[in-house]
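Open the model in your viewer and keep the selection tool ready. The tour goes from strand to strand, then on to the helices.

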Amino acid sequence: MKGILEHEVGEQVDLFLLIKSATKGMASNGKPFLTLILQDKSGDIEAKLWDISNDQVRIFQAETIVRVAGEVHNYRGRLQLKIRQIRPATAQDGVNVADFLETAPIDKEEISSKITQYIFEMKNPNIQRITRHLMKKYLDRFLEYPAATKNHHEFVSGLGYHVVSMLDLAKAISELYPSLDRDLLYSGIILHDLGKVIELSGPISTTYTVEGNLLGHITIIVNEIAKAAEELSIQGEEVVVLQHIVLSHHGKLEWGSPKQPMIKEAEILHIIDNIDAKMNMLDRSLKRVKPGEFSERIFPLDNRSFYKPTFHS
């Protein structure tokens, strides 16, 4: 059966979808409406429910599976689902939340074993011990969580997949530029987004936790590195340098980094992070585009549309 994003504009749909988020708004006529983000394994799509009752607001909440009939529209360059009928799924429908969750293209076991291998390759005992300690502490959540609520790697195991992709990129770059400290780079990559297991609520209908809103993943993991060093009785410059790499990985102050990169490995980590996030956004967006057509506008990429050349498969 075709996923929601595999349908063409103008096509009728009748399928089960999971409500990823439901936001109440007020229309210009003073009547309430809901903006729904509906998802299945192919991705997500926006839909509006107009003139809703309080009962409907209670029924159509995040994490609810619904059966939807309607039509795919193009609204300002983005796909939107025009709902004709909607109802909550029942036990008789035999559908589960897991059926609708997009997942990383590699499984959790492969992510885990690759990260174990990269930690094993580290030669600096202080960096290796801190990394292994924190990875062990948060492994289960790390393997399940998305890397973000939207924009890139926002799917089950997205965080682990993002980190493994970055590590493979770092390995290739380190072979071209042997002056890079691999231990620092590998550890920084493994730890840079680990605070997201506390910042975010989990892999389903992901939202920000109280700590996520008040502190953010960068502050969270900087504190965790300090705690780990204390528990392992590690003192040394490695601790501060690792903290700096995590602090500066967004690259610019206006992008949320308290410090700009001031160490070579911190600069390279920021670039690798950017490459992997952008490639993920582009690949997922262009997957839905036919050769010779433009993608939807991608908001984090300066709201640009991207063209798929006709000779691309």
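Start with strand 4 and strand 5, which run antiparallel and are joined by 10 bridges. The coordinates are those of a predicted model. Select residues 65-75 for strand 4 and residues 78-88 for strand 5. Now pick valine 68; its bridge partner in strand 5 is isoleucine 86.

Move to the turn. Strand 4 and strand 5 form a hairpin, with two residues between them. Select arginine 76 in that turn: its phi is positive, about 50 degrees.

**Across to strand 1**

Stay on strand 4 and add strand 1, residues 12-26. The two run antiparallel, with seven bridges between them. Click leucine 18. Which residue of strand 4 is the bridge partner of leucine 18? It is isoleucine 65.

**On to strand 2**

Next, select residues 32-40, which are strand 2. Strand 2 pairs with strand 1 over eight bridges, in the antiparallel sense. Show methionine 26 with proline 32 of strand 2, which stands opposite.

This pair of strands also forms a hairpin, and five residues lie between the strands. Pick glycine 30 there. Its phi is positive, near 85 degrees.

**Strand 3 and the parallel pair**

Add residues 43-49 for strand 3. Seven bridges connect strand 3 to strand 2, and the two run antiparallel. Select leucine 38 and look across to strand 3: isoleucine 45 stands opposite.

Now return to strand 5. Does strand 3 pair with strand 5 in the parallel or the antiparallel sense? The pairing is parallel, over two bridges. To see the register, select glutamate 46; glutamine 80 of strand 5 stands opposite.

**The whole barrel**

Select the five strands together. They close into a barrel in the order 1-2-3-5-4. The pairing is mixed: strand 3 with strand 5 is parallel, while strand 4 with strand 5 is antiparallel. From one strand to the next, the twist averages 50 degrees.

**Zoom out to the domains**

Colour the chain by domain. Domain 1 spans 11-99 and domain 2 spans 108-282. Their C-alpha centres lie 34 Å apart. How many residues does each domain give to the contact? Domain 1 gives six residues and domain 2 gives four residues.

**The helix pair**

In domain 2, select residues 108-120 for helix 2 and residues 125-144 for helix 3. The axes of the two helices are 11 Å apart, and the packing angle is about 175 degrees. Helix 2 is therefore roughly antiparallel to helix 3, as angles over 145 degrees count as such.

Show the side chains of the contact. From helix 2, pick Lys108, Ile111, Ser112, Ile115, Ile119 and Phe120. From helix 3, the contact residues include Met135, Leu139, Phe142 and Leu143. Gln128, Thr131, Arg132 and Glu144 of helix 3 also take part. Colour this contact by residue class: eight residues are nonpolar, three are polar and three are charged.

**Last stop**

Select residues 162-278. An unreviewed UniProt entry annotates this stretch as "domain: HD". The chain here is 65% helix and 0% strand. Finish by marking the C-alpha atoms at the two ends of the stretch: they are 11 Å apart.

Methods
Residues are numbered from 1 along each chain as its sequence is written. This is a predicted model: local features need pLDDT of at least 70, side-chain atom pairs count only at pLDDT 80 or more; totals for chains, interfaces and linings use all residues. Side-chain values use heavy atoms; hydrogens and water are left out. Axes are lines fitted to C-alpha atoms, for helices over the stretch in contact, and angles run from 0 to 180 degrees between N-to-C directions. Helices (H or I, at least four residues) and strands (E, at least two) are DSSP runs, numbered from the N terminus. Angles under 35 degrees count as roughly parallel, over 145 as roughly antiparallel, 65 to 115 as roughly perpendicular and the rest as oblique. Contact means heavy atoms within 4.5 Å. Ala, Val, Leu, Ile, Met, Phe, Trp, Tyr, Cys and Pro count as nonpolar, Asp, Glu, Lys and Arg as charged, and the others, Gly among them, as polar. Two strands pair if DSSP finds at least two bridges between them. UniProt positions are given in the numbering used here, feature names are shortened, and annotations may be inferred rather than shown by experiment. Domain bounds come from an automatic or database domain assignment.
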